[in-house]
Amino acid sequence: MRFNRLLSVALFVCAATGVSSFSVTSSNPDVKVKENEGVDLTCSYSADFGADARVEWKFKDMKGSQTYIVYDKKITAPYASRVEMFGNNLRFSKVTRNDNGVYDCEVSGNGQFRETRVKLTVLVPPSAPVCRVPTSVTTGKKALLSCFDKDGSPPPQYKWYKDGTLLPADPSKIAAFKNATYRLNQYTGNLEFPASKKMDTAEYYCEASNSAGPAQRCRAMRMEVRDMNTGGIVAGVIVALLLVGLLALGVWYANKKGYLPSECTLPHLL
C-alpha cells in the first residue's frame, strides 16, 4: 500500500515537472581510432520507445555536410561495403580520414524522438608540411611565413624554428625574445613579422605535430631583410631625367633644321 502511494507520488511529480524517462545514450561518445582500422559506434535507448522503435544514424563531416548511414533500417549505398549494424550500433570494418566528424543516433517511437551524438576522430600522422618563406623583404615591411599540412588528423599544431632555434608562441614571456615582434599562430601555422627588421634575417623551417604520430618538418628556407635601395632609386630618376632632356634637345634640333613638319613644333611635342 505504501509502495503504491510512493509510485503515485513519483508519477505525479514526473507529470508535473515534465520529466521524461525516454533516453538515448552511447557508451563511448568520443571515439578515437587509427586510419584503416575497424571501430564500433554504440547507441542504446530506453524501453519507453517500444519494441518497434525506429533507429537511424546520420553523419556530419568536418565541413558540415550531412548524410544518412542508416535509413529505414538499411545501410545506405555509400557505406554498404564497410559498415554493418549489430543491434542499434554501427560497426566499421575500416575507417578513413574522410570519416572524421560526428554521428547522430536518432531514435523515435511512441510519439517521442531523442538522439545522442558520437564524435569520431580518425588518427592520421602529419606529413611534411608545405612552407612558404619570402626570400627577400624590405626593412619595415610586413613578412608572412605560412605552414600547412593537409593530412594530419586531428589537425596538427605548428612550430617555427629560426636558425634551428624554436620560436616561442608568445615571445613576450621569454627573456631572450623580449625584443622580438613576430606573431605566431600555432593552429594556422602562420608566422608574421608586422615590420621586418635586419635581425629577422635567418633560415626558417616549420614543424607539424599531432597525437597520431611523429612530427614532420619542411626544409629550411632563408629570408633576407634588406634596406630600401635609395641610391638605386635616385640613380634611376636621374637617368630618366637625362633621357627626357636628350629627347627634348633632339626634337628642338630637328625642328630648327626643318626636319619636322611645320605644324609639329616643339611646344606641341612637349
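Is Arg97 buried, partly exposed or exposed? Its relative accessibility is 33%, so Arg97 counts as partly exposed. Keep in mind as you look around that this is a predicted model.

Now find the partner of Arg97. Glu35 forms a salt bridge with Arg97, and the closest N and O atoms are 2.9 Å apart. Glu35 sits in the loop between β2 (30-34) and β3 (39-41), while Arg97 sits in the loop between β9 (89-92) and β10 (101-109), so this pair ties together parts that are 62 residues apart in sequence. Glu35 also counts as partly exposed, because its relative accessibility is 21%. The cut-off helps here: buried means under 20% relative accessible area.

There's another contact to pick up along the chain. Lys150 makes a salt bridge with Asp151, with 3.3 Å between the closest N and O atoms. Salt bridges with shared partners bring Glu35, Arg97, Lys150 and Asp151 together in one network. Within that group, Lys150 is exposed, because its relative accessible area is 65%.

Let's step back to the charges in general. Side chains of opposite charge can pair when their charged atoms come close. Across the whole structure, a search turns up 16 salt bridges. One of them to look at is between the side chains of Arg54 and Asp72, at 4.0 Å from N to O. That pair links distant parts of the chain, 18 residues apart: Arg54 is in strand β5 (residues 54-61), and Asp72 is in the loop between β6 (66-71) and β7 (74-75). With 32% relative accessibility, Arg54 counts as partly exposed. Asp72 is partly exposed too, with a relative accessible area of 42%.

On to the strands. As a reminder, strands of a sheet pair through backbone hydrogen bonds, either parallel or antiparallel. Start with β9, since you've already met the loop that follows it on the way to β10. Three bridges join β3 to β9, and these two strands run antiparallel. If you want a residue to click on, take Asp40, whose bridge partner in β9 is Arg91. β9 also pairs with strand β8 (residues 83-86): four bridges join them, again running antiparallel. Here Phe86 stands opposite Asn89 in β9. β8 and β9 form a hairpin with two residues between them, and in the turn Gly87 has a positive phi of about 70°.

Further along, what is the order of the four strands in the open sheet? They go β12-β14-β18-β17, and the pairing is antiparallel. At the edges are β12 (130-132) and β17 (183-184), each of which pairs on one side only. Inside that order, three bridges join strand β14 (residues 143-148) to strand β18 (residues 191-193) in an antiparallel arrangement. Leu144 is a handy marker for this pairing, standing opposite Glu192 in β18.

Last stop is a helix and some nonpolar surface. Leu243, Leu246 and Leu249 make a nonpolar surface patch of about 320 Å². Leu246 belongs to helix α2 (residues 230-256). How does Leu246 rate, buried or exposed? Its relative accessibility is 56%, so Leu246 counts as exposed, given that the exposed class starts at over 50%.

How values were computed:
Residues numbered from 1 in each chain as written. Predicted model: local features only at pLDDT ≥ 70, side-chain atom pairs only at ≥ 80, totals over all residues. Heavy atoms only, no water. Patch = residues over 30% accessible without salt bridge, like charges linked within 9 Å, V, L, I, M, F, W, Y side chains within 5 Å. Areas by Shrake-Rupley, 256 points an atom, 1.4 Å probe, with all protein chains shown as cover. Buried < 20%, exposed > 50% of the residue type's maximum accessible area, 1.4 Å probe, protein only. Pairing = 2+ DSSP bridges.
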